[in-house]
Each structure stands twice: as structure tokens, then as C-alpha cells.
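Biologist: Could you take me through one part of this model up close? I'd like a single helix and what it packs against, with enough of the rest to place it.

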Amino acid sequence: MAACNGDSSSQNANNNGNVTESQLFDELYDMQCFRIGEFYLKSGQMTPIYIDLRRIMSSPKVLRMAAQAMCEKVLALQLKFDYVVGVPYAALPLATLVSDILQIPMLMKRKEAKSYGTKQLIEGVWSEGGTVLLVEDVVTTGESIRETAEAIRKENLLVTDSIAVLDRQQGATDNLKIDQINFLSFLTMEKILDGLIGKNVITEQRKHEIIEHLAKPF
Ligand SMILES: O=P(O)(O)OC[C@H]1O[C@H](OP(=O)(O)OP(=O)(O)O)[C@H](O)[C@@H]1O
């Protein structure tokens, strides 16, 4: 199994060479990734804040910064894995960059198997028994990570760790523990809401209302 050997240099970094939460928040804010209003999530839950990280694929600089931030976390924790897999679809560009930065091969999990060609759900080249790192953009319940891990494990690959740019802090860590998947994120909802207070988009009071809403079971 290869240890991660990434290049942690970045133009978007602090003095230690690492991307900071504030730097990434500012870039995501400038790319209008945060929407206040009434939106519905994959889980069916209504949310008063929607975070659309799909937008960053249109900025090579910000996409790279988000991938770099995850790589730095992975390197700091000395996670060991043989393959990188993005949770489809939004995390696929991120996973591609993580694979490139760390120089660790990528596999791709389809949302649905094709009815023609090889009909494979997992694409790429791998050896059974290898370990996969799952990469996500935004995590709410962790269900998409769980579904991806299930498909990967059916191919006799192992999944122990997953990482996201953002954890909406709605139970994913505990949900994924049930499936023996360790979950990490670079940013949290708390950090985003604090950043939005700093930009005068929401008040402290509104932050507490949003946190309360997100904590409700669904
Ligand atoms: O933790 P969860 O409750 O599973 O929710 C998070 C998932 O929801 C979004 O994907 P979605 O399926 O909406 O769309 P995508 O195809 O654009 O990734 C997001 O990109 C995550 O994959």
C-alpha cells in the first residue's frame, strides 16, 4: 500500500504552505456557493442554507484549492490507501485532482451501471484487497458515501476513510461509523455560518436558528 506522497505546495496557502479554512471559505463565498433560502436536499430534508460546491469546477484555482486542502489533511493524518474514488457526481472533479496531487490511482463509481459495454459499476484498474479513500464535496447524512462504499466493497476492495470539503454536521460521522467508515472534513457548517456572519449575510441569531433547524431529526 502506498503512503501519500503529495506536493503540499500551493499558491493559495498560509505560511506553513497549507490552505486555511478562511481562505477556502472566501473563495467559495466569491463563487456564490452559499444560498440562504428554502431548499431541499437529497435526503428530502428542507434546509435554510444550500451549499453548492458544484460551482467550483468552473474555477480551476478554487477546485485545486479545495482538493489541496483535503490532501493536506490526508497527509497530516498519514492515511494509507491505494485508490481514490469520488462519490458521484459532484465529487468526481475533486477526486481527480486528489488523485493527481497525491499521485495515487483513481477509480470511478457510477451512479448506475450501463446496460452495454462491460456493464461495470466500478471503472478503472485495481487489485482486490486494495484500500480506497472516498472523496465527497458536501456531506449531509453520509448516505451517498455509504452507498459508494457498499459498491466498492462488493469488488473486494476495502474502505476505511472518507473525506469531504464540507460536513453539514447533520449526523454523517455517527452514521458512517456504523459502516466502519471514518469521516473527515476540511470545513464544517459552523465555520461557514461564522464566515457568513463575518460577511454580514446572516446574524448570530440567524446562525443559531439555522443550527437548531439542522439539528432536528429527519
Ligand atoms: O450525505 P448525503 O445525505 O448523501 O448528501 C450528500 C450528497 O448529496 C449531493 O449529491 P447529489 O446526489 O444531490 O448530486 P450530485 O449527483 O450532483 O453529486 C452531494 O454532492 C453529496 O454526494
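**A close look at helix 6**

Modeller: Let's begin with the record: UniProt, in an unreviewed entry, lists residues 58-177 as "domain: Phosphoribosyltransferase". Keep in mind that what you have here is a predicted model. In that model the span 58-177 is 38% helix and 24% strand, and its end C-alpha atoms sit 33 Å apart.

Stepping back for a moment, the protein has 7 helices and 8 strands in total. Its radius of gyration is 17 Å, close to the 17 Å the globule rule gives for 218 residues, so the protein is as compact as a globular protein of that length. Along the principal axes, the C-alpha atoms fill a box of roughly 50 × 40 × 30 Å. Of the 218 residues, 49% are buried. If you take contacts with a separation of 6 or more, 64% of them join residues 24 or more positions apart.

Now to the part you asked for. Helix 6 covers residues 189-198, and its buried residues are Met189, Ile192, Leu193, Gly195, Leu196 and Ile197. What do those residues pack against? Two helices are on the list, helix 1 (21-30) and helix 7 (204-215), along with four strands: strand 1, strand 2 (46-51), strand 7 (158-167) and strand 8 (182-188). After helix 6 comes asparagine 200, with a positive phi near 60°.

Strand 1, one of those partners, is worth a short detour. It runs over residues 34-40 and includes arginine 35. With a relative accessibility of 44%, arginine 35 counts as partly exposed, because the partly exposed class takes in values between 20% and 50%. Setting aside neighbours within four places in sequence, arginine 35 touches Pro48, Ile49 and Tyr50. Those three fall in the 46-51 stretch of strand 2, another element that the buried residues of helix 6 pack against. Aspartate 52 is 17 residues from arginine 35 in sequence, and their C-alpha atoms are 7.9 Å apart.

Finally, the outside. The protein exposes about 10800 Å², with carbon and sulfur atoms supplying 47% of that area. As for charge, there are 23 positive and 28 negative side chains, and the centres of the two sets lie 4 Å apart.

Notes
Residues numbered from 1 in each chain as written. Predicted model: local features only at pLDDT ≥ 70, side-chain atom pairs only at ≥ 80, totals over all residues. Heavy atoms only, no water. Rg over C-alpha atoms; globule rule 2.2 N^0.38 Å. Buried < 20%, exposed > 50% of the residue type's maximum accessible area, 1.4 Å probe, protein only. Contact = heavy atoms within 4.5 Å. Areas by Shrake-Rupley, 256 points an atom, 1.4 Å probe, with all protein chains shown as cover. Lys, Arg positive; Asp, Glu negative; His and termini not counted. Charge placed at Lys NZ, Arg CZ, Asp CG, Glu CD. UniProt positions renumbered as here; feature names shortened; annotations may be inferred.
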